[in-house]
Structures are given as C-alpha cells and as structure tokens.
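Please open the structure in your viewer and keep the sequence beside it, so that each selection can be made by residue number. The tour goes from stop to stop, and at each one it says what to select and what is there.

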Amino acid sequence: TLEEGLLEVTPRPITVQSASGTRVYDGTAFEIKEATIIEGTLVEGQNIEYTFYNSIIDVGVISNDFGVNIYNGTEDVTSNYFVTLEEGLLEVTPRPITIKSESHTFEYDGLVHDFKTASIIQGTLVEGQRIEYYDSGYMYVGTYEHFVDYDIVDEYGIDVTHNYEIS
C-alpha cells in the first residue's frame, strides 16, 4: 500500500514597525509615513506597500497606525505572510513662549480702566493665531500686580492655549 503524505506551506513571519517622531506644535498635521521590516524578510522579488491612518495636530501622543499589503508583481500575496505590526508613536509637544504684561499708569477719574496688553518676549505664535486678552480693570488709587488673562485662539476663534507652554 501507498500512503500519501502531506505537504504544508506555512505563512512566512515578518514584523514591521512604523516610525516614531516628536515635534513642537506648529498648528499643522504631523505624520510620518515610514515603516521598516525589523524581523524576517520578504520573498525575493516581492514588495511591501504601507497605508498610514493617523496624524496629530494638537499637543499629545498617538500611535502611528498603519497596515501593509505585500505584492508579487500585481498579485496581493499578503495572506502568505504572518505579519506582526508594531506601531510607533507620534508626539506633539507644547510650543514655548514667554508673555510679559505691560505696565501703565492712569490718573484717578472714577472710571474703571483696563489695560489688555502684553507682549511675547520669547518665542512666537503659530501663523494665523492670536492672543485674546481679558482684564477686569482697576478704578481705585493703588499699585496692582497686573497680569492680563488671555486665551490663544486660531483663525476660527478656537482656543488653542493648551498647545503652548507659557512662562
């Protein structure tokens, strides 16, 4: 008698890692569309294509999510691989600026005076963003520590103060 044997072809293991990166907040989307095979190899003549899903604008950290497809010419052969994905991280850090409240003197006239002015003495705002100042004002004779309350807003008036490290 003749007994037939079995031949099993198993998936080829590879591990792919997306890139990580950090940058200071600049109001634009941050993405890195790079990945590397860190374990295993592709079959000779085959190529890998990456699809990236995430970007980040505001201060924070997210995973650099991605997917892969592996091709032999135009034929998708991804199912012949056991693919492990390791996601890198994308981080946006606060933009440092220093704000100084300005001094001013008013002669008492019975009216409330506010002085909604401060200067950025170090760093810059992102283009298109501005500072909106708030001050409750002063009326009576005296010397007051004057620090203007403020929000930093974008061109649509959305508060983006949390994206700045203010000193």
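A salt bridge is a side-chain nitrogen of Lys or Arg within 4 Å of a carboxyl oxygen of Asp or Glu. Please keep in mind throughout that the model on the screen is a predicted one.

**Stop one: the salt bridges**

Select Glu132 and Arg130 to begin with, and look at the ends of their side chains, where a salt bridge joins the two residues and the closest N and O atoms are 3.0 Å apart. Are these partners buried or exposed, or something in between? Glu132 counts as partly exposed because its relative accessibility is 27%, and Arg130 is also partly exposed, with a relative accessible area of 38%.

How many salt bridges does a search of the whole structure find? The search finds three, and you can visit the others in turn. Select Arg23 together with Asp26, whose side chains meet in a salt bridge with an N to O distance of 3.0 Å. Arg23 has a relative accessible area of 23% and is therefore partly exposed, while Asp26, with 28%, is partly exposed as well.

Next select Glu31 and Lys33, which form a salt bridge in which the closest N and O atoms are 3.9 Å apart. Here Glu31 is partly exposed at a relative accessible area of 40%, whereas Lys33 counts as exposed because its relative accessibility is 55%, and exposed means over 50%.

**Stop two: a contact made by Gln129**

Now select Gln129, which lies in the loop between β11 (118–122) and β12. Its relative accessibility is 12%, so Gln129 counts as buried, the limit for that word being under 20%. If you add Tyr25 to the selection, you can see the side chain of Gln129 making a polar contact with the side chain of Tyr25, at 2.7 Å.

**Stop three: a cluster of rings**

A pair of aromatic rings is described by the distance of the centres and the angle of the planes. A search of the whole structure finds four aromatic pairs. One of them is formed by Tyr50 and Phe52, a tilted pair with 6.2 Å from centre to centre and 45° between the planes. Tyr50 is partly exposed, with a relative accessible area of 28%, whereas Phe52 is buried, with 17%.

Keep Tyr50 selected and add Phe66, because these two also form a tilted aromatic pair, with 6.5 Å from centre to centre and 55° between the planes. This pair links distant parts of the chain, for Tyr50 is in strand β4 (residues 47–52) and Phe66 is in strand β6 (residues 66–72), 16 residues apart. Phe66 has a relative accessibility of 5% and so counts as buried. With Tyr50, Phe52 and Phe66 shown together, you have in view a cluster that is linked by ring pairs.

**Stop four: the sheet around these strands**

Switch to a ribbon view and select β4, β6 and β7, three strands that form an open sheet in the order β4-β6-β7, with antiparallel pairing. Which strands stand at the edges of this sheet? They are β4 and β7 (75–76), and each has a single partner strand, so one side of each is left without a neighbour in the sheet. Between β6 and β7, which run antiparallel, there are two bridges, and if you select Tyr71 you will find that it stands opposite Asp76 in β7.

**Stop five: the partners of β1**

Move on to strand β1 (residues 12–18), which is joined by six bridges to strand β8 (residues 81–86), the two running parallel. Select Arg12 and look across to Tyr81 in β8, which stands opposite. β1 also pairs with strand β3 (residues 35–39), this time in the antiparallel sense and over four bridges; to see where they meet, select Ser18, whose bridge partner in β3 is Ala35.

**Last stop: a patch on the surface**

Finally, show the surface and select Tyr108, Tyr140, Val141 and Tyr144, which form a nonpolar patch there and together have about 500 Å² of accessible area. Where in the chain is Tyr144 found? Tyr144 is in the loop between β12 (130–134) and β13 (149–153), and it counts as partly exposed because its relative accessibility is 38%.

Definitions and conventions: Residues numbered from 1 in each chain as written. Predicted model: local features only at pLDDT ≥ 70, side-chain atom pairs only at ≥ 80, totals over all residues. Heavy atoms only, no water. Patch = residues over 30% accessible without salt bridge, like charges linked within 9 Å, V, L, I, M, F, W, Y side chains within 5 Å. Areas by Shrake-Rupley, 256 points an atom, 1.4 Å probe, with all protein chains shown as cover. Buried < 20%, exposed > 50% of the residue type's maximum accessible area, 1.4 Å probe, protein only. Phe/Tyr/Trp six-rings, centres within 6.5 Å; stacked < 30°, edge-to-face > 60°. Pairing = 2+ DSSP bridges. Polar contact = N/O pair within 3.5 Å; in protein donor to acceptor, adjacent residues only side chain to side chain.
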